[in-house]
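Hi,

Here is the structure I promised to pass on to you. Have a look at it first, and then read on for what turned up.

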Amino acid sequence: MSLKHRIGFIGLGNMGLPMAENLINHEYIVYGFDINPTAIVKFQEIGGHVCQSIKEVLQHADVIFISLPSPAIVEMTFFEEGIIKYGSDNLMIIDTSTVTPELNRKVFTACQKNNLRYLGSPVSGGVIGAVNATLTFMVGGPKVYFDEVQPLLNILGENLFHVGENPDSGTVIKLINNLMIGFYTQAVGEALTLGENMGLDHERMFEILNVSYGQSRIYERNYKEYIADNNFEPGFTTNLLLKDLKIAKQMAEECGIKLPIGDHLVDWYTQAANEGYGENDMSAVYLLTKKIAEKSIQKK
């Protein structure tokens with residue numbers, strides 16, 4: 001086997017674990033850390049090298065992947081848990097988390113001051129994309145860094161984009177992508193609810209709309225993988241989508257742009273989370289739409 005990078009993985013959840021597994025399957029030695037004991041057990045079972053701290057991961061690896069659920073946790077990982085402090089010179093950091101553009105810039109600046117290399121590299125494609133290595137990578141940061149890590153990204157994804165030299169450029173387009181996902185997911189819920197109340201069968205609706213202009217990948221994903229089977233175990237939770245919609249709204253406010261529908265989406269998904277659908281897959285907002293419709297009919 002030829003000399004390869006030593007890989008570290010911080011965050012071994014629904015996205016991080018299958019990405020780490022794909023690297024292991026390509027004969028990379030991967031050192032990993034997560035605060036969830038179950039994730040650590042699974043990581044060890046697939047051949048990963050378990051570390052007891054972020055500092056220990058940094059001692060072993062020259063390329064670090066990060067896959068964490070919120071900007072606050074990412075910021076803590078860099079500034080409180082020690083990536084900035086303990087990262088070795090020339091460490092390459094590929095952050096696949098979806099954070100704020102401001103945090104991308106803050107982390108990049110700190111990394112540059114400490115001789116660390118950083119790419120803001122959010123991904124799209126969900127858990128299935130992570131498992132099947134078909135993810136889309138939207139990478140912001142120096143092109144020379146992107147070129148260096150492209151062989152690794154090719155193992156994990158099918159669609160690799162260097163969006164721009166700014167560390168937040170990939171995050172901007174990822175947030176736009178998730179804003180559109182918020183639109184489409186609610187559209188699917190409303191369309192199915194309206195159709196069933198007009199006497200249409202869900203499968204027949206999908207058969208027709210899937211070959212019409214109403215077709216979308218989100219419709220196919222949400223309906224075929226979740227709604228049709230009445231199984232809302234999360235691939236991407238309502239809470240995570242809500243987090244990204246809030247960041248997109250904040251991004252719009254910072255550049256003085258109104259999002260007439262986007263603002264309402266934040267309120268809607270907040271309601272869905274408050275009514276118990278936060279840890280379900282995002283497609284479960286259909287259930288809330290259906291419940292509200294049923295209450296309206298009962299009042300007539």
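**The core, the strands and a pocket**

Please keep in mind that this is a predicted model. Its largest nonpolar core has 32 residues, and those with the most contacts inside it are L23, V30, F65, F137 and L153. Several elements give two or more residues to this core: the strands β1, β4, β5 (92–95) and β8 (135–140), and the helices α1, α2 (37–45) and α8 (143–156). The helix that gives the most is α8, with seven residues.

Strand β1 is a good place to go next. This strand covers residues 7–10, and its side chains alternate: I7 and F9 point one way, while G8 and I10 point the other way. All of these residues are buried.

What does β1 pair with? Strand β2 (residues 30–33) runs parallel to β1 and is joined to it by four bridges. Within this pairing, F9 stands opposite G32 of β2. To get from β1 to β2 the chain passes through helix α1 (residues 16–25), and this β-α-β crossover is right-handed. Strand β4 (residues 63–66) is also parallel to β1, again with four bridges between the two strands. Here G8 has I64 of β4 as its bridge partner.

If you are thinking about pockets, you may like the second largest one. Its space comes to about 150 Å³. The residues that line this pocket are:

- Y184, A187, V188, A191 and L192
- L209, G214, S216 and Y219

Which helix gives the most to this lining? That is α9 (residues 169–197), with five residues. In terms of character, the lining of the second largest pocket divides into seven nonpolar residues, two polar ones and no charged ones.

One last residue to look at is D244, which sits in helix α12 (residues 238–254). Is D244 buried or exposed? Its relative accessibility is 2%, and the cut-off for buried is under 20%, so D244 counts as buried. For a sense of where this residue lies, compare its position with that of A61: D244 and A61 are 183 residues apart in sequence and 30 Å apart in space, taken from C-alpha to C-alpha.

That is what I have for now. Write back with any questions you have once you have looked through it.

Best wishes

Note on methods:
Residues are numbered from 1 along each chain as its sequence is written. This is a predicted model: local features need pLDDT of at least 70, side-chain atom pairs count only at pLDDT 80 or more; totals for chains, interfaces and linings use all residues. Side-chain values use heavy atoms; hydrogens and water are left out. Buried means under 20% relative accessible area, exposed over 50%, partly exposed in between (1.4 Å probe, protein chains only). Two strands pair if DSSP finds at least two bridges between them. A crossover is right-handed if, with the strands pointing away from the viewer, the path from the first strand over the helix to the second runs clockwise. On a 1 Å grid over the protein atoms alone, a cavity is a set of points where a 1.4 Å probe fits but cannot get out, and a pocket is an open set with protein on both sides within 12 Å along at least five of seven lines; lining residues have an atom within 4 Å of a point. Grid points are joined across faces, edges and corners, and a volume is the space filled by probe spheres set on the points. Ala, Val, Leu, Ile, Met, Phe, Trp, Tyr, Cys and Pro count as nonpolar, Asp, Glu, Lys and Arg as charged, and the others, Gly among them, as polar. A nonpolar core is a set of buried Ala, Val, Leu, Ile, Met, Phe, Trp, Tyr and Cys residues joined through side-chain atoms within 4.5 Å.
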